[in-house]
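Reader: Could you walk me through this one? I'd like to hear the reasoning behind each label you use.

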Amino acid sequence: MVDTAEILQSLYRRFGDLPGIQIELHKSLVAVQVENAAASATVFLQGAQVSHYQLRNQPPLLWCSPLCDYRPGQPLRGGIPICWPWFGDLARNPDTLSAKAGLQHAPAHGFARQQQWQLDSIATPNPGLTVLTLSLVLADKEQVAWPFATRLSLQVTVGNSLALDFGVENLGYEGVCYSSALHTYFATSHIDNTVVDGLDGLEYIDTLLDWRIFHQSGPLRIDRETDRIYLDTQQPVSIVDSGWRRAITLNTRGSNSAVVWNPWNEKARRLSQFADDAYLEMLCIETANVDRDIVTLAPGAKHQLTLELTSQLLG
Ligand code: TA6
């Protein structure tokens, strides 16, 4: 059980005097609010979930639902949930995954986003830069679904760009295999103003068409429910928004797959913490290690999945 009062006291004591840092409580979830010369951001200790990032001269870059419950154990609908040690439905993952298949209760996207991470450090090296590090250490008997000693880490760098560096280290004595994603929700002026570049020519699995494989031709415009796994994503993907006249670019390392998702109107009505028309103002592009891009770690090995988001205003 998380002792919120104790966590708050410790965080105030350790970080309360840092410039531009506020420790906040959203119902019963603890968050760090970052304000610096370049941007603002919000990072929740639950799931090490970044829920907000906004440059000083632009609309928010991340979308986060105003209907969030901020309940313990329930990921926020928005920002950047960390999906690990499996992506989506565990049963839909490769059999080589180490997570125990056939579990009675295997939450979608794994359990890392439900857990309380530890805030290890906050640095403010200059007025326009704030760096937070968080971690989650799992003992080898701690999780039924994942009985392996593992250390998760996340470094969040808030400045003229937003950078996440997600590390998974195998602390055990046997090899492990997992799938994962940084499930980023992006804000748009309107989905009709939005084009996704950088996917042209790629193979993708369409999870809405019996998981059959297709090829992307040209830029992607979203005008229906979309839930696709793009493979061999070697070049940066960009979101071009003609309404807000900006282009967001996803620069990644350690990932060769990406998921593009928008629930559209039917699924929007079934989603928790999500207004019926919210599909018109968001889309997800998820920096992933899924399908043939899953990660195998030998004992003592570590994998880094990094995502840097930049946003340029268009002339
Ligand atoms: O990333 C796409 C997806 O797997 C969709 O199928 C949808 O389920 C979405 O993730 C959101 O999942 P969540 O468990 O966060 O509601």
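Author: What follows is a chat about the ligand site, the sheet and two backbone details. Keep in mind that this is a predicted model.

Reader: Okay, the ligand. Which residues are around the ligand?

Author: The group is made up of R77, F87, A108, H109, R113, H183, D227, V259, W261, K267 and E286. To be counted, a residue needs a heavy atom within 4 Å of the ligand. By type, that shell splits into four nonpolar, two polar and five charged residues.

Reader: What makes the link between R77 and the ligand a polar contact?

Author: The cut-off is 3.5 Å for a pair of N or O atoms. A side-chain N or O atom of R77 lies 2.8 Å from an oxygen atom of the ligand, so the pair counts as a polar contact. H109 also passes, with a side-chain N or O atom 3.0 Å from a ligand oxygen. For H183 the distance from a side-chain N or O atom to a ligand oxygen is 3.0 Å. As for cover, the ligand on its own exposes 390 Å², and the protein buries 81% of that.

Reader: And where does the ligand sit?

Author: The ligand is in the largest pocket. To say that a molecule sits in a pocket, more than half of its atoms must lie within 2 Å of the pocket's grid points.

Reader: On to the sheet. What is the order of the strands in the open sheet?

Author: Nine strands line up as β6-β7-β8-β9-β22-β18-β17-β12-β15, with antiparallel pairing. The edges are β6 (118–126) and β15 (220–221): each has a single partner strand, so one side of each has no neighbour in the sheet.

Reader: How do you know that β7 and β8 pair?

Author: Pairing takes at least two bridges. Strand β7 (residues 129–138) and strand β8 (residues 150–158) are joined by nine, and they run antiparallel, so they count as paired. If you want one to look at, T133 has Q155 in β8 as its bridge partner.

Reader: How many bridges join β8 to β9?

Author: Nine bridges join β8 to strand β9 (residues 162–170), again antiparallel. S153 is partnered there with G167 in β9. These two strands, β8 and β9, make a hairpin with three residues between them.

Reader: What about β6 and β7, how many residues lie between them in their hairpin?

Author: Two residues lie between β6 and β7 in that hairpin. The two strands pair antiparallel over six bridges, and N126 stands opposite L129 in β7. Further along, β9 pairs antiparallel with strand β22 (residues 302–313) over eight bridges, where V168 stands opposite H303 in β22.

Reader: Now the backbone. Which peptide bond is cis?

Author: The bond joining W84 and P85, with omega at about 5°. P85 is in the loop between β5 (82–83) and β6.

Reader: What is the phi of K27?

Author: Phi of K27 is near 55°, a positive value in a residue other than glycine. You'll find K27 in the loop between β1 (21–26) and β2 (29–35).

Reader: Why point out such details?

Author: Because most residues other than glycine have a negative phi, and most peptide bonds are trans.

Key. Residues numbered from 1 in each chain as written. Predicted model: local features only at pLDDT ≥ 70, side-chain atom pairs only at ≥ 80, totals over all residues. Heavy atoms only, no water. Polar contact = N/O pair within 3.5 Å; in protein donor to acceptor, adjacent residues only side chain to side chain. Areas by Shrake-Rupley, 256 points an atom, 1.4 Å probe, with all protein chains shown as cover. 1 Å grid on protein atoms, 1.4 Å probe; cavity = no way out; pocket = protein on both sides within 12 Å on 5 of 7 lines; lining within 4 Å. Nonpolar A, V, L, I, M, F, W, Y, C, P; charged D, E, K, R; others polar. Helix = DSSP H or I, 4+ residues; strand = E, 2+ residues; numbered from the N terminus.
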